[in-house]
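Got your viewer open? Load the model below and follow along, one selection at a time.

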Amino acid sequence: MDIRFARPAETEEIAALWAEAFPGKRTIADRARMLETGGRYGGLETVLVARDADGRLAGACKIYRMTQHLAGAPLPMMGLAAVAVAPYARRRGLGATLCGAAVEEARARGDVLSTLYPFRPDYYERLGWGLAGSLLRYRFRLEHLPEYDEARHVHPARLPEDAEPIAACYQRVASRSNGAIARDRRIWAYRLAGEELGVRPIDDEAVLTGAGPGKDRIVVCDRDGVSGYAILRPTPGRTREAALHVRELVAETEESYRALIGHLAAQRDQWPLGLHYARPEERFEERLTDPRPPRFTASRSLYFPTATVVRGPMLRVLDVPAAVRARPLFPGSESRGYQLVLAVQDSQVPANEGPWRVIPAAHDGDSNVVEPAKGGATSPEARLQTDAATFARILAGELRASDAERLGRARVEGSARLLDSAFHANESFWLPDEF
Ligand SMILES: CC(C)(COP(=O)(O)OP(=O)(O)OC[C@H]1O[C@@H](n2cnc3c(N)ncnc32)[C@H](O)[C@@H]1OP(=O)(O)O)[C@@H](O)C(=O)NCCC(=O)NCCS
């Protein structure tokens, strides 16, 4: 099998492969046009193709290049998308081989992480990606939200003036976050056009200047500058069923969060119902006077439902020492004089395995020391041994080392508590972009 980057002459053929693998409204011509125009995260230059010995196109995938923040550390990340294998070539390991080639290519260009959205989690788990982050899907009545007074600072976004402040607000939040990516102008154009999935070409300029068609209502919280925004999509329905869907809500402060929530509450007469995918840290339920969804049925006997947990992103560490060097390790500076040893089973990327001796940085902003542990003199306070997928989840603060051990996914020697606190993350993994 010959795996390499795609050439312009292959555009139609790749588009046809994807149209078959991902059936939907998009035609082959739509897909070809997206490859040519570049789409949200990149076009043909991101595509890897696999050709068999007879020269037939057997598979393809996209490897986007992004910057992702892991516990606040910006790291180059490979977004893996559109992995597809032609039906005749399936169930012979080509999908896995393509993913392996994607990982190799990404490592060669210096990527430290990789994120994807799986068709089936266990498929990618075997290849080293682990589920990271969850959202809570709330259906609620807008009348159950508090009418925060701060809502007076919210007004409809004006384009083009507000495009840059909105992007800057997102970037400030993203750069402190655990999981969010940096967004360029292109990504913003798609987001503001309400085309998060990037399924059709758009005119960036028209969208960003406010001249293009937008499906959504964008509002900003502006008090001497934009400190929060929400992208809201009205979903039609008869008056009593009309709903406002919160596509994205980003707030830098509690005040701007309250402002945006209060703004939603004020729409109750127009849109009785709301839909919001909240981050766990929002404690959205605490804002609702009645946390039960509209028209619910009882759960268990006397319990009632609130939110549904939804999952999606999977994270892989492509370069273990680089990721551990960059990711802040806790606890605070007073008690940083400890050493850990990490051993990661990674049959796809043996260079990741270590074992690695880790000495957390003595000062905030410094990198941790990560070096091969062989022949070291000092004995570590804790040693963690696990597989690549579980390691990614521990590094993301998604799964504690002690829980991984209890679940039979890791072996811990020494202080599990120290490992738990070292890999603590201030917020849960959160990736609002889907690809
Ligand atoms: C998903 C997809 C890419 C998988 O491609 P593939 O080449 O068949 O994948 P693999 O061969 O690596 O793995 C598929 C299965 O075949 C098994 N397999 C691989 N080689 C094998 C072999 N030599 N003998 C028997 N089984 C084998 C794998 O273990 C895997 O089994 P599982 O069902 O237990 O997980 C392909 O089905 C596809 O294009 N689907 C439509 C698009 C899609 O959903 N893409 C995913 C986007 S995230």
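Start by selecting residues 388-395, which make up helix α10. This is a predicted model, and in it α10 lies across two strands, β6 and β14 (314-317). Turn the view until you can compare directions: the helix runs at about 105° to β14.

Those two strands lead us to the sheet. Select its strands and read them off in order: β1-β2-β3-β4-β5-β14-β6, seven strands in an open sheet with mixed pairing. Which strands stand at the edges? They are β1 (2-5) and β6 (130-131). Each has a single partner strand, so one side of each is left without a neighbour in the sheet.

Now go inside the sheet and colour residues 73-85, strand β4, and residues 113-116, strand β5. These two pair in the parallel sense, over four bridges. To see one residue pair in this part of the sheet, click on M77: its bridge partner in β5 is L113.

Keep β4 selected while you look at the largest nonpolar core, which has 122 residues. Which of them touch the most other members? Pick out C61, A102, Y229, L260, A323 and A392. As for where the core's residues come from, β4 gives the largest share, eight residues.

Zoom in on C61 next. Leaving aside residues up to four places away in sequence, C61 touches L48, L80, A81, A82, V83, A84, L98 and A102. A102 is also one of the core residues that touch the most other members.

Time for a helix with two sides. Select residues 28-37, helix α2, and show R31, M34 and L35, which are buried. Look down the axis of α2: the buried residues fall within an arc of 100°, so they line one face of the helix. Here is a handy rule: an α-helix has 3.6 residues a turn, so residues three or four places apart point the same way. Now rotate to the other side of α2, where A29 and T37 are exposed. What covers the buried residues? The cover includes α1 (11-21), so add that to your selection. Just after α2, stop at G38, whose phi is positive, near 110°.

For the last stop, select residues 121-125, helix α4, and find Y123 in it. Is Y123 buried or exposed? Somewhere in between: it has 15 C-beta neighbours inside 10 Å and therefore counts as partly exposed. Finally, draw a line from the C-alpha of Y123 to the C-alpha of G95: the two residues are 28 apart in sequence and 9.7 Å apart in space.

Terms used
Residues are numbered from 1 along each chain as its sequence is written. This is a predicted model: local features need pLDDT of at least 70, side-chain atom pairs count only at pLDDT 80 or more; totals for chains, interfaces and linings use all residues. Two strands pair if DSSP finds at least two bridges between them. Two residues are in contact if their C-beta atoms, placed from the backbone, lie within 7 Å. Axes are lines fitted to C-alpha atoms, for helices over the stretch in contact, and angles run from 0 to 180 degrees between N-to-C directions. A residue is buried if 20 or more other C-beta atoms lie within 10 Å of its own, exposed if 12 or fewer, and partly exposed in between; C-beta atoms are placed from the backbone. The arc is that of the directions from the helix axis to the C-beta atoms. A nonpolar core is a set of buried Ala, Val, Leu, Ile, Met, Phe, Trp, Tyr and Cys residues joined through C-beta atoms within 7 Å.
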